Amino acid sequence: MNKIIDLPVLYSLRNCPFAMRARIAIYKSKQPIWLRDIVLSDKPAEMLADSPKGTVPVIVTPKGQVIEESYEVMLWALSQGDPDDLLLATDASKFDSMLTLIYRFDSEFKSCLENYKCAKRYSESNIVECRLACEVYVQQLEQLLSEHEFLFADRESLADIALLPFIRQFARVERQWYLQSPYPHVRAWLNAYLQSKMFSKVMTKYPLWLESRQDVIFPD
């Protein structure tokens, strides 16, 4: 019983891309956690006590360690277990390149994507300009995926699951344009993920924790 009680706690928001990639890494690690789904308009006092900045994802370990950044949550999860070698331990030469790509998307592509989403939402005249700014980064992925099935090899890595939620958002901004865009490898890569058992499990809708006070073991 203590083994179950002592699981780490993850505060998460179902559709947040940062929380999404944290859940994917946890799923891949096979490290069970207590999942607490929240909404940012009603943050649990317990979460704010551990992480006053009030963003998700947040992991709180049984020893009281608080991990507040999605990238660090992913690394923490895969340090618990990495059966698919997403950290490319068997191909260390690619590790630095993988981290550089993730950092570039987190620090640059994300802001371009936000501008693109806003341009679409508010019917702004610069939507094509915003899309073209995003395409600089998508073109890099298309090139990588033309060389192998995943971004760095014919098997997936941390980079694939770190970028997946943001490319999913990009694909949804102008859906008809995206379906005809010159990125067939990106589309095939994204579709394979979206249709996978893993993604279905990661995107399962659970009762909000503040309403039910019922922790959910994830992945079960």
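Contact here means heavy atoms within 4.5 Å, and buried means under 20% relative accessible area, with exposed over 50% and partly exposed in between (1.4 Å probe, protein chains only). Helices (H or I, at least four residues) and strands (E, at least two) are DSSP runs, numbered from the N terminus.

What you have above is a predicted model, so to speak with its own ground rules: local features need pLDDT of at least 70, side-chain atom pairs count only at pLDDT 80 or more, and totals for chains, interfaces and linings use all residues. Residues are numbered from 1 along each chain as its sequence is written, and side-chain values use heavy atoms, with hydrogens and water left out.

**The whole chain**

The protein has 11 helices and 5 strands. Its radius of gyration is 18 Å, which agrees with the value near 17 Å for a compact globule of 220 residues; the radius is taken over C-alpha atoms, and the globule rule is 2.2 Å times the number of residues to the power 0.38. The C-alpha trace spans about 55 × 45 × 30 Å along the principal axes. Half the story is inside: 50% of the 220 residues count as buried. Take the contacts between residues at least 6 apart in sequence, and 70% of them join residues at least 24 apart.

**The sheet**

The 5 strands make an open sheet, in the order β4-β3-β1-β2-β5, with mixed pairing. At the edges sit β4 and β5 (216-218), each pairing on one side only. Two strands pair if DSSP finds at least two bridges between them. Here are two of the pairings.

| Pair | Sense | Bridges | One facing pair |
|---|---|---|---|
| β1 and β2 | parallel | 4 bridges | Val9 and Trp34 |
| β3 and β4 | antiparallel | 2 bridges | Ile59 and Ile67 |

Ser12 in β1 also has a bridge partner in β2, namely Asp37. Strand β1 (residues 9-12) is covered on both faces: Val9 and Tyr11 lie on one side, Leu10 and Ser12 on the other, and all are buried. Next to that, β2 has 5 of its 5 residues buried. Ile33, Leu35 and Asp37 point one way from β2, while Trp34 and Arg36 point the other way. That fits the usual pattern, since in a regular strand the side chains alternate between the two faces of the sheet.

**Helix α4 and its surroundings**

Helix α4 covers residues 70-80, and its buried residues are Ser70, Val73, Met74, Trp76, Ala77 and Leu78. What do the buried residues of α4 pack against? The list takes in the helices α2 (17-29) and α7 (158-173), plus the strands β2 (33-37), β3 (58-60) and β4 (66-67).

**Ile38, just past β2**

Ile38 is found in the loop between β2 and α3 (45-50). Is Ile38 buried or exposed? Ile38 counts as buried because its relative accessibility is 3%. Leaving aside neighbours within four places in sequence, Ile38 is in contact with Tyr11, Ser12, Leu13, Pro44, Met47, Val56 and Leu208. Two of these, Tyr11 and Ser12, are the buried β1 residues met above. As for Glu68, it is 30 residues from Ile38 in sequence and 15 Å away in space, C-alpha to C-alpha.
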